[in-house]
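Visitor: Please take one buried spot in this protein and look at it closely. Then follow the chain outward from there and say what surrounds it.

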Amino acid sequence: MEVVSENRCFGGVQTVYRHRSEVCGVDMTFAVFLPPHAEDGPVPCLWYLSGLTCTHENAMTKAGLQAHAAEHGMALVFPDTSPRGADVADDEAYDLGQGAGFYVNATKAPWNSHFRMYDYIVRELRDLLVEKLPLTDRHGITGHSMGGHGALTIALRNPDRYQSVSAFAPIANPTQSDWGRKQLSAYLGDDESSWADYDATILLKERGWDGDILIDQGADDQFIDLLRPQALAEVLTETRQPAVIRMQEGYDHSYFFVSTFGGDHVAWHAERLNGHARHKLNGHKLNGHKTNGKDG
């Protein structure tokens, strides 16, 4: 792990690393925030998966999560959204190729040579960080938009590796959305049966989740029709899955939305990763913002 940059941050350290990924076949860049508590021993870890066009840097600098993580004694990991480089396949469209890995293991050429973001996040990068940094084996995962899709699908498929999950405006039902069908077809081929492993709505219905889930969605999100939160809400109701979905009045799809409610998500994960009693968010006033959501 080569250190690219290192900065003191809220009593902890924000570091950007580069390493050679055997899974993706290229050098990958990622960021880690270690709270001051890590100086005394291993701490739990929250993974943040970013959305389309983002790198490790967007959420690291815009989401404002470090102050909350420092308060709760929790590490943050900000991976990149795809492999990158001159030899890595790409597309002219912003929503396919570099910056748009969709957290899948591609099986179709030319993407299958490098685009294995699912294995990279779940196995390679996690195992590397647990070995090299003062992290416990208690991990939570969250993300925004494409990253929310990644967080939900990865957690639902790996309950042994993640003890908590939340999402900001996730692409909730990609097999039925233009933000999904295009990418899943390109990366996995036209056999739609292979797409189900990367659709949170389908996975939740088939597998469930042993715990509760927090989802925030902006009511004024300009991409809400592509995100399909209603499909996920229907399955939550049908399966009686414990969850909190908050429709946040006046908020769009931007990092202003993420940073406004980021503190709630960090606290949510901290409680579950530290084994504290769980509280209901519905009807409470959090971070000075009255929630409009209802338990799903």
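Guide: In this predicted model, D212 counts as buried, because its relative accessibility of 14% falls under the 20% cut-off. D212 sits in the loop between helix 6 (200-207) and strand 8 (213-218). The side chain of D212 makes a polar contact of 3.0 Å with the side chain of R272.

Helix 9 covers residues 255-273, and A270 is part of this helix. A270 is buried as well, since its relative accessibility is 3%. The C-alpha atom of A270 lies 8.1 Å from that of P44, although 226 residues separate the two along the chain. For contrast, I245 and I121 are 124 residues apart along the chain, and their C-alpha atoms are separated by 25 Å. I245 belongs to strand 9 (residues 243-248). A relative accessibility of 17% is why I245 counts as buried.

Next comes the sheet pairing around strand 4. Strand 4 (residues 43-49) runs parallel to strand 6 (residues 135-143), and six bridges join them. One position to look at here is L46, whose bridge partner in strand 6 is G140. G140 in turn has S164 as its bridge partner in strand 7. Strand 7 (residues 164-168) is parallel to strand 6, with two bridges between them. The connection from strand 6 to strand 7 passes through helix 4 (residues 146-157), and this β-α-β crossover is right-handed.

Strand 4 also pairs with strand 5, again in the parallel sense, over three bridges. L46 appears here too, standing opposite L76 in strand 5. Strand 5 (residues 75-78) sends A75 and V77 to one side and L76 and F78 to the other. Which of these four are buried or exposed? A75, V77, L76 and F78 are all buried.

Strand 5 has an antiparallel partner as well: three bridges join it to strand 3 (residues 27-34). Within that pair, A31 stands opposite F78. Strand 3 is antiparallel to strand 2, with eight bridges, and Q14 has F33 as its bridge partner in strand 3. Six residues lie between strand 2 and strand 3 in their hairpin, where G25 takes a positive phi near 75 degrees. Strand 2 (residues 12-20) pairs with strand 1 (residues 2-9) over seven bridges, in the antiparallel sense. E2 finds its bridge partner, R18, in strand 2. The hairpin of strand 1 and strand 2 has two residues between the strands, and F10 takes a positive phi near 50 degrees there.

Backbone geometry deserves a separate word. Most residues other than glycine have a negative phi, and most peptide bonds are trans. Y103 is not a glycine, yet its phi is positive, at about 55 degrees. Y103 is placed in the loop between strand 5 and helix 3. Y103 counts as buried because its relative accessibility is 0%. P110 occurs in the loop between strand 5 and helix 3 (117-132). The peptide bond from A109 to P110 is cis, with omega near 0 degrees.

T53 is another residue other than glycine with a positive phi, near 75 degrees. T53 lies in the loop between strand 4 and helix 1 (56-62). With a relative accessible area of 49%, T53 is partly exposed, because exposed would need over 50%.

T53 leads on to the largest pocket. Rolling a probe the size of a water molecule over the atoms shows where empty space is left. The largest pocket holds about 170 Å³ of space. Its lining includes G51, L52, T53 and C54, and also Y94, H144, S145 and W179. F223, H253, S254 and Y255 are among the lining residues too. By class, six of the lining residues are nonpolar, six are polar and none is charged.

To return to the start: D212 is buried at 14% relative accessibility, and a polar contact of 3.0 Å joins its side chain to that of R272.

Notes:
Residues are numbered from 1 along each chain as its sequence is written. This is a predicted model: local features need pLDDT of at least 70, side-chain atom pairs count only at pLDDT 80 or more; totals for chains, interfaces and linings use all residues. Side-chain values use heavy atoms; hydrogens and water are left out. On a 1 Å grid over the protein atoms alone, a cavity is a set of points where a 1.4 Å probe fits but cannot get out, and a pocket is an open set with protein on both sides within 12 Å along at least five of seven lines; lining residues have an atom within 4 Å of a point. Grid points are joined across faces, edges and corners, and a volume is the space filled by probe spheres set on the points. Ala, Val, Leu, Ile, Met, Phe, Trp, Tyr, Cys and Pro count as nonpolar, Asp, Glu, Lys and Arg as charged, and the others, Gly among them, as polar. Two strands pair if DSSP finds at least two bridges between them. A crossover is right-handed if, with the strands pointing away from the viewer, the path from the first strand over the helix to the second runs clockwise. Buried means under 20% relative accessible area, exposed over 50%, partly exposed in between (1.4 Å probe, protein chains only). A polar contact is a pair of N or O atoms within 3.5 Å; within protein, one must be able to donate a hydrogen and the other to accept it, and residues adjacent in sequence count only if both atoms are side-chain atoms.
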